[in-house]
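Q: I would like to learn how to read the features of a structure such as this one. Could we go through them in turn, with the general idea placed before the particular case?

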Amino acid sequence: MKNKKNTAHVQFDYEREERLGLPEAVFCEGKNKDIIQSLLLEFNESTGKSILFTRLAPEIFYGFPETIQKNINYHELSRTAFAFALPPHKASKKVAVVSAGSADAKTAWEAARTLEYLGIEHSMFEDCGVAGLWRIQKALPQIREYDIVIAVAGLDAALVSVLGGLIKSPILAVPTSVGYGMAKNGETALSSMLASCSSGISVFNIDNGFGAACATARILNMLIKEK
């Protein structure tokens, strides 16, 4: 971000990128529409400034004037928006985002869009749930070619344990709030990932694809420092 001024009702952490290697982002859920609109007017293609907006619901975004919408790259499924992506990440590593089912798409795409904004090369592998093992078996040869894997799953989250036993790459696991009753809005998937018999898996908060993508960036930033 080039601007160092605070915007109405928002105090930006302008030093975050220098301090952490991660730029500021805007979590929109719960924010007043006027605040979001003021930020969209400041960070868009026409101003040449870009910032990542997460949890920006379609009913909120499409309620803004078309003059605002046309200057923002909005992705409805992931509920993310930005004017343009940052330059390609210098680590030049590839990330696979693997989801168990199409119901996990919101979270998987939140991770993918965050990676896109951060300039990190990635590919999506969707609907690889292990209820039909052939799905993940079919995708495995390709997934093994990636340096980091973000695995997204709800229900019993069995995909994560299976992947953990089959690939060498670091796995960042994100439980989703997908599932009936005993899935408990993702708590069962979270517990399953934490209790996985596959060792060395990092687990993130429920539905937090953004967090997993940011963790990926932290890992890749370390690789740059080591060069």
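Q: Which residues are linked in a network of salt bridges?

A: Let me begin with the general idea, which is that side chains of opposite charge can pair when their charged atoms come close. The model in view is a predicted one, and in it the network of salt bridges links Asp-13, Arg-16, Arg-19 and Glu-24. One pair in detail is Arg-19 with Asp-13, whose closest N and O atoms are 2.6 Å apart. Arg-19 is exposed, at a relative accessible area of 52%.

Q: How many salt bridges does a search of the whole structure find?

A: The search finds 7 salt bridges over the whole structure. Among them is the one in which the side chains of Glu-29 and Arg-55 meet, at 3.2 Å from N to O. Glu-29 is in the loop between strand S1 (25–27) and helix H2 (33–42), while Arg-55 is in the loop between strand S2 (52–54) and helix H3 (58–61), so this pair ties together parts of the chain that are 26 residues apart in sequence.

Q: Are Glu-29 and Arg-55 buried or exposed?

A: When reading accessibility, one needs the cut-off that buried means under 20% relative accessible area. Glu-29, with 44%, is partly exposed, whereas Arg-55, at 18% relative accessibility, counts as buried.

Q: What separates Glu-116 and Arg-113 in helix H5?

A: Glu-116 and Arg-113 are 3 residues apart in helix H5 (residues 105–117), and therefore about one helical turn separates them. Their side chains meet in a salt bridge, with an N to O distance of 3.9 Å. Glu-116 is partly exposed, with a relative accessible area of 31%, and Arg-113 is buried, with a relative accessible area of 3%.

Q: Which residues other than glycine have a positive phi here?

A: As a general guide, most residues other than glycine have a negative phi. Residues with a positive value here include Arg-55, whose phi is near 50°, and Ala-157, whose phi is near 55°. Arg-55, already met as a salt-bridge partner of Glu-29, is placed in the loop between S2 and H3. Ala-157 is found in the loop between strand S7 (148–153) and helix H7 (158–164), and at 3% relative accessibility it counts as buried.

Q: How much space lies in the largest pocket, and which residues are closest to its centre?

A: In reading a pocket, one can take its volume, then its lining, and then the chemical classes of that lining. The largest pocket holds about 300 Å³ of space. It is lined by 13 residues, and those closest to its centre are Glu-17, Gly-21, His-89, Leu-118 and Asn-221. Helix H9 (residues 209–226) gives the most to this lining, with 3 residues. By class, the lining of the largest pocket divides into 8 nonpolar, 3 polar and 2 charged residues.

Q: Which residues lie nearest the centre of the second largest pocket?

A: Read in the same order, the second largest pocket holds about 230 Å³ of space. Its lining consists of 16 residues, of which Ala-100, Gly-101, Asp-104, Gly-129 and Leu-155 lie nearest the centre. The classes in this lining are 9 nonpolar, 3 polar and 4 charged residues.

Q: Where does Gly-129 lie, and what does it touch?

A: A single residue can be read from its element, its accessibility and its contacts. Gly-129 lies in the loop between strand S6 (121–125) and helix H6 (133–143), and it is buried, with a relative accessible area of 10%. Not counting residues up to four places away in sequence, Gly-129 touches Ser-99, Ala-100 and Arg-135. From Gly-129 to Ala-215 the separation is 86 residues in sequence and 23 Å in space, C-alpha to C-alpha.

Q: At which residues does UniProt place the feature "domain: PurE"?

A: An annotation of this kind comes from a record, and it can be set beside values computed from the model. The UniProt record, an unreviewed entry, places "domain: PurE" at residues 93–225. Over residues 93–225 the chain is 42% helix and 18% strand, and the C-alpha atoms at the two ends are 14 Å apart.

Terms used:
Residues numbered from 1 in each chain as written. Predicted model: local features only at pLDDT ≥ 70, side-chain atom pairs only at ≥ 80, totals over all residues. Heavy atoms only, no water. 1 Å grid on protein atoms, 1.4 Å probe; cavity = no way out; pocket = protein on both sides within 12 Å on 5 of 7 lines; lining within 4 Å. Points joined across faces, edges and corners; volume = space filled by probe spheres on them. Helix = DSSP H or I, 4+ residues; strand = E, 2+ residues; numbered from the N terminus. Nonpolar A, V, L, I, M, F, W, Y, C, P; charged D, E, K, R; others polar. UniProt positions renumbered as here; feature names shortened; annotations may be inferred. Salt bridge = Lys/Arg side-chain N within 4 Å of Asp/Glu carboxyl O. Buried < 20%, exposed > 50% of the residue type's maximum accessible area, 1.4 Å probe, protein only. Contact = heavy atoms within 4.5 Å.
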